[in-house]
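The exercises below are meant to be worked with the coordinates open. Each task is followed by a solution that proceeds step by step.

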Amino acid sequence: MQERSERTRARLVAAAAELFDRYGYAEARLGDISRAAGVTKGALYFHFESKQELAAAVQESGCLLLDETVLALRRDGRPALQSLIDTTHALAVWATGEPVVRASFRLGRERADGERPVLNYHLVCVAAAGRLLARAAEEGALRRGVAEDAARTLVAGMIAGIEAAAWSGAPYPELSSCLGEAWTLVLRAVAEEGAARGLRTAPPPGPTAGPTAGPDPVVDLDPTMDLDPRVGPDPAVGPAGQGSRAVTVSTVSASAGSLSSR
């Protein structure tokens, strides 16, 4: 029963991410979210007391995706600077095609009905980058005389640029190419020559570095779901892990040819 309830909750989070991304917090209606998830409004309120609580759940999913990706990259044993580069490439693919991340960014920007945002997802990403830069400094990878704060400011600007370019409709291949070129310049400015040698500035081609759960094709009903017979589940909003269609770092390169501007 608990697993079924979690499945329903994940569907609601995924549907909310789609609509928050598309329409923003103020314009996304709970009735539309419940219909997109294939549940009644009563079932939605069983899991979430308010739209604010649902927005928080979307951003929690975005944070989880980021945290698990960074952790997996570090487990691979790659240098911290390479992990940082690969994390920004993951953000690029998410920002152009992952509703949970796009919605997390948008919810952080908006002030709807006088409410403060649940959290500023941009600052969450900058903080994660800052931790990787601190590790890079511990590894002796930063050029002598380069302050961590200065390097962090550069990377924060890159993250803001990823978000802005994706929001303006830049297609992923263009964004990825620009990001790789930017990293080439940034490494020349901040990285110790020996540490920079061999680092890849293009998207990672190989191992999975994030959650891999995909949509379950079976719709498993439960008592809290109360499916409205007039509206079927939206096939574009299936349950996946924590309520998003998880994008892994290994898919960054593969997605280059398939993701288009939104």
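The expected span of a helix is 1.5 Å times one less than its number of residues. This definition is needed in the first exercise, and the model to which it is applied is a predicted one.

**Exercise 1. Compare the end-to-end lengths of helices H7, H8 and H1 with their expected spans.**

Step 1. Helix H7 covers residues 121-138, and because its 18 residues should span 26 Å at 1.5 Å a residue, the 26 Å between its end C-alpha atoms agrees with the expectation.

Step 2. Helix H8, residues 148-167, has 20 residues and reaches 28 Å from its first C-alpha to its last, which is close to the expected 28 Å.

Step 3. Helix H1, residues 2-23, has 22 residues and reaches 31 Å between its first and last C-alpha atoms, close to the 32 Å expected.

Step 4. Now look at what comes after each helix: H7 is followed by Gly140, with a positive phi near 75°, H8 is followed by Gly169, with a positive phi near 100°, and just after H1, Gly24 takes a positive phi of about 90°.

**Exercise 2. Determine which residues of H8 are buried and where they lie around the helix axis.**

Step 1. With buried taken as under 20% relative accessible area, the buried residues of H8 are Ala151, Val155, Ala156, Met158, Ile159, Ile162, Glu163 and Ala166.

Step 2. These residues lie on the same side of H8, because they cover an arc of only 155° around the axis.

Step 3. On the other side of H8, Asp149 and Thr153 are exposed.

Step 4. The partners of the buried residues of H8 are H5, H6, H7 and H9, against which they pack.

**Exercise 3. Describe the burial of H7 and the cap at its N-terminal end.**

Step 1. The buried residues of H7 include Tyr121, His122, Cys125 and Val126 in its earlier part, and Leu132, Leu133 and Ala136 further along.

Step 2. The buried residues of H7 pack against H4, H5, H6 and H8.

Step 3. The N-terminal end of H7 is capped by Asn120, a side-chain oxygen of which lies 3.1 Å from the backbone nitrogen of His122.

**Exercise 4. Find the largest nonpolar core and the elements that build it.**

Step 1. The largest nonpolar core has 43 residues, and those with the most contacts inside it are Leu81, Trp94 and Trp183.

Step 2. The elements that give two or more residues to this core are H4 (51-75), H5 (80-97), H6 (99-109), H7 (121-138), H8 (148-167) and H9 (172-190), with the largest share, ten residues, coming from H5.

Step 3. Apart from this core lies another, of 24 residues, among them Ile33, Leu44, Ala55 and Val58.

Step 4. For one of the most connected residues of the largest core, Trp183, list the neighbours beyond four places in sequence: Trp183 touches Leu84, Ile85, Thr88, Val155, Met158 and Thr201.

**Exercise 5. Trace the polar contacts of Glu110 and Asp32.**

Step 1. Glu110 lies in the loop between H6 and H7, and although Glu110 and Gly24 are 86 residues apart in sequence, their C-alpha atoms are 7.8 Å apart in space.

Step 2. The side chain of Glu110 reaches the backbone nitrogen of Tyr25 at 2.8 Å, and a polar contact of 2.7 Å joins the side chains of Glu110 and Arg106.

Step 3. Asp32 is found in helix H2, residues 30-37, and it counts as partly exposed because its relative accessibility is 31%.

Step 4. The side chains of Asp32 and Arg35 are joined by a polar contact of 2.3 Å, while the C-alpha atoms of Asp32 and Ala15, 17 residues apart along the chain, are separated by 8.8 Å.

**Exercise 6. Summarise the whole chain and state how confident the prediction is.**

Step 1. The protein has eleven helices and zero strands, and buried residues make up 51% of its 262 residues.

Step 2. Among contacts between residues at least 6 apart in sequence, 80% join residues at least 24 apart.

Step 3. The average pLDDT is 80, and 75% of the residues score at least 70; over residues 207-262, however, the pLDDT is below 50, and this stretch has 132 contacts in the model beyond near neighbours in sequence.

Terms used
Residues numbered from 1 in each chain as written. Heavy atoms only, no water. Core = buried A, V, L, I, M, F, W, Y, C linked by side-chain atoms within 4.5 Å. Buried < 20%, exposed > 50% of the residue type's maximum accessible area, 1.4 Å probe, protein only. Helix = DSSP H or I, 4+ residues; strand = E, 2+ residues; numbered from the N terminus. Contact = heavy atoms within 4.5 Å. Polar contact = N/O pair within 3.5 Å; in protein donor to acceptor, adjacent residues only side chain to side chain. Arc of directions from axis to C-beta. pLDDT = per-residue confidence, 0-100.
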